[in-house]
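Here are some friendly notes to read with the model open beside you. Take the points one at a time and find each place on screen as you go.

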Protein chains: 2
Amino acid sequence: MGDIEVAVSTVIFALRPDRCARGTALWLPLVRRIKEPYAGRWALPGGPVRRDEDVEQAARRTLLETTALAPKYLEQLYTFGQVERAAEPVPGPRVISVVYWALVRPEEAEHGIEDENVGWHLADAPPGLAFDHATIVRYALWRLRTKMEYSRVAQAFLGDTFTLAQLREVYEVVLERTLDPANFRRQMESSGAVEPTGDYLVGGRHRPPRLYRHRETRDLADNGPLTRRQDVVGSRPTSTNPTPTNPTSGSRQTP
Amino acid sequence: MGDIEVAVSTVIFALRPDRCARGTALWLPLVRRIKEPYAGRWALPGGPVRRDEDVEQAARRTLLETTALAPKYLEQLYTFGQVERAAEPVPGPRVISVVYWALVRPEEAEHGIEDENVGWHLADAPPGLAFDHATIVRYALWRLRTKMEYSRVAQAFLGDTFTLAQLREVYEVVLERTLDPANFRRQMESSGAVEPTGDYLVGGRHRPPRLYRHRETRDLADNGPLTRRQDVVGSRPTSTNPTPTNPTSGSRQTP
DNA sequence: CTAATAGTGTCTTTAAGACAGTATTGA
DNA sequence: TCAATACTGTCTTAAAGACACTATTAG
C-alpha cells in the first residue's frame, strides 16, 4: 500500500528580455534529466517528497537545489495521479506528482543557476519535454492567463515598486495583447490593487512616471479559505488532514 | 521513500429539501469513522489509493463503496500534504490526501446509502469532523460558490431538463441570495449555456414553464487544457507524467 | 374572477473600451 | 524646438440590476 511514490514538480514563470520580437517574453527554467527515463531530455524541476517534509516544502527544496530559485509566489497547480504515468519508455515505479506553479521577479530570476543542465526556455514553445511535462506547462500557462484576468498575480512578476507601464507590460506579455494605457490606469486605480508611493522613477528618457506599490490587503497567492490559516471561529489551529483511512460503512440498512 | 501513503477524499454536494427555513439547502454525505484516529466522528468518504488505479478512479471507487454514489461531476480540489496531518490524537503514518469535489443530482442523491454510519448533513454547518475535514469542506464550499459565478456548474445539480426557476433556485441556494427572475433569464439565454427543449413542464399549479436542456458546448467540469485530453498538435496521446526523479543538476558553471 | 408563477420591456447605473487631448521630461 | 511617454477627459457600447408590466395556467 505504501508502494506509491510521491514527487513534486514546479512550473516557474518569469518575464525576461527576449532577443527577437518584442522586448520581453515569458520564460521558464528547465533541468536536463540525467537518469534513465527520458535521460538527456528537459524536464520540470522537482523530485521525490521526503517522509518528514510538507509537500510544499518539498517543492521549495527541490527548486532551490536544482535551480537555486526561491520564489515568493508558489501555489499548488494540480496532482497527476494516473497509473500509466511512468510507463513511457520503461515501466517504472508508480509515481504520483503534486505539481506547483511559481512566479519570480526579474531580480530573483537572475540569481538562478544557468548551465548546460539548467536553462531558461520560452514558455510558449518549450523543447521536447520528458513525460507529459508539455501538458503540464500548457496547463500552468492556462492557469496563469486565467488568473491574470481576475486577480493581482501580475504583481508577483515585479519588485516592490513599479510603474503602471511596467505592470501593464506584464499583462500584455502574458495575455499576448496590447492594453489601452488610459483604461488600464483607471482599472488599476479603481480596483485598489496598487497605491502610489509618492515617488517618481527618474532616469528615464522622458516624463518620469509615478511609482506604485502593491496594496497587500490580501495575500497574492490566494487559495480561497486555505490562506486564512488559523480560524478564530472554529476550533484548533487547522492542521491539514490525513483523510479517513477506509471507513467501510459498517451496518447499512439502519434507519 | 515509498514510505508515504496516498489517500483520496471527496466532498459531495447535493441540493435536497430542508425541513426548516426555505425549501431547499446544500447537503453533503458524511461517513462515520470506525477505526481509531477519530473513531466515531464524521468524516469525508474516501480511502487509500491502490497501486493499480488512477487517483481519480480511487475517488470514484471509494465513493461507490461507502455511499453508493456515482457522481457525473467530479473534479480535483486540492492535495493536502502537510507532515503533521495525522498527528492529532495518535501520531499515525504519513498520509497525503488528494481531495476531490463532486456534485450530484437529486435523483442520484436518492440512490445513496443512508444509515447510522452514512448520512447527509447541512454543508453550512457540518457536525464536528475528523482530521481537518472541516477546513476542506469550507474550501470546497468556497470553490463551489466561486465557480458558480463564472461557469455552468449549477447545471450539474439538475437533471437533463429543467425550468429556469429550478436553475435559478440552484444559484439562490448556493450563493445564499435571491436573484431577479427577469435578469436571470436574460443572462442564461444570452450566455448560451442552456437551450429550450420546446416542451413545457405541465402539472404545476400555474402557468407551465418552458423546459430547457444543457448546451454541451464544452464539458461541465472544465479543468482548462486538462480536459482536452489528446492533443492533435503535439506528440503522443498525453500520459500523465511521473515527474523527474531528482535531476541533481550535474556540472554547473558551464556557459 | 383570483392567486400564483412565467415571461417581456424598459429605465438606470456601472464598467469597459476607443480615442482625442494635455503634461512633462531629455536631448 | 521635437520625440516620446505620462496622464486626463469624454464619448460609445455593453452588461447588470431594479422594477413595472403582460401572459397563462389552476381552481
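**Notes on a sheet and a DNA surface**

1. Let's begin in chain B, where β9(B) and strand β10 (residues 210–214) run antiparallel and are joined by four bridges. To find the pairing on screen, look for B:Val194, which stands opposite B:His214 in β10(B). Please keep in mind that this is a predicted model.

2. Now widen the view to the sheet itself. It is an open sheet of three strands in chain B, in the order β8-β10-β9, and the pairing is antiparallel. The edge strands, β8 (161–162) and β9 (194–200) of chain B, each pair on one side only. As background, strands of a sheet pair through backbone hydrogen bonds.

3. Next, turn to the DNA. Which residues are the closest to DNA strand D? Of the 18 residues that surround this strand, the closest are A:Arg185, A:Arg210, B:Asn183, B:Arg205 and B:Arg207. Of the strand D atoms that come within 4 Å of the protein, 57% belong to sugar and phosphate.

4. The bases are contacted too. In chain A, a polar side-chain atom of A:Arg186 lies 3.1 Å from a base oxygen of DNA strand D. In chain B, the side chain of B:Asn183 has an N or O atom 2.9 Å from a base nitrogen of the strand, and a polar side-chain atom of B:Arg186 is 3.2 Å from a base nitrogen.

5. Finally, what makes up the surface near DNA strand D? By class, this surface has eight charged, five polar and five nonpolar residues. Helix α5 (181–191) of chain A and α5 (181–191) of chain B each supply at least two residues, and α5(B) gives the largest share, four residues.

Notes:
Residues numbered from 1 in each chain as written. Chains lettered and ligands numbered in written order. Predicted model: local features only at pLDDT ≥ 70, side-chain atom pairs only at ≥ 80, totals over all residues. Heavy atoms only, no water. Near = heavy atom within 4 Å. Polar contact = N/O pair within 3.5 Å; in protein donor to acceptor, adjacent residues only side chain to side chain. Nonpolar A, V, L, I, M, F, W, Y, C, P; charged D, E, K, R; others polar. Pairing = 2+ DSSP bridges.
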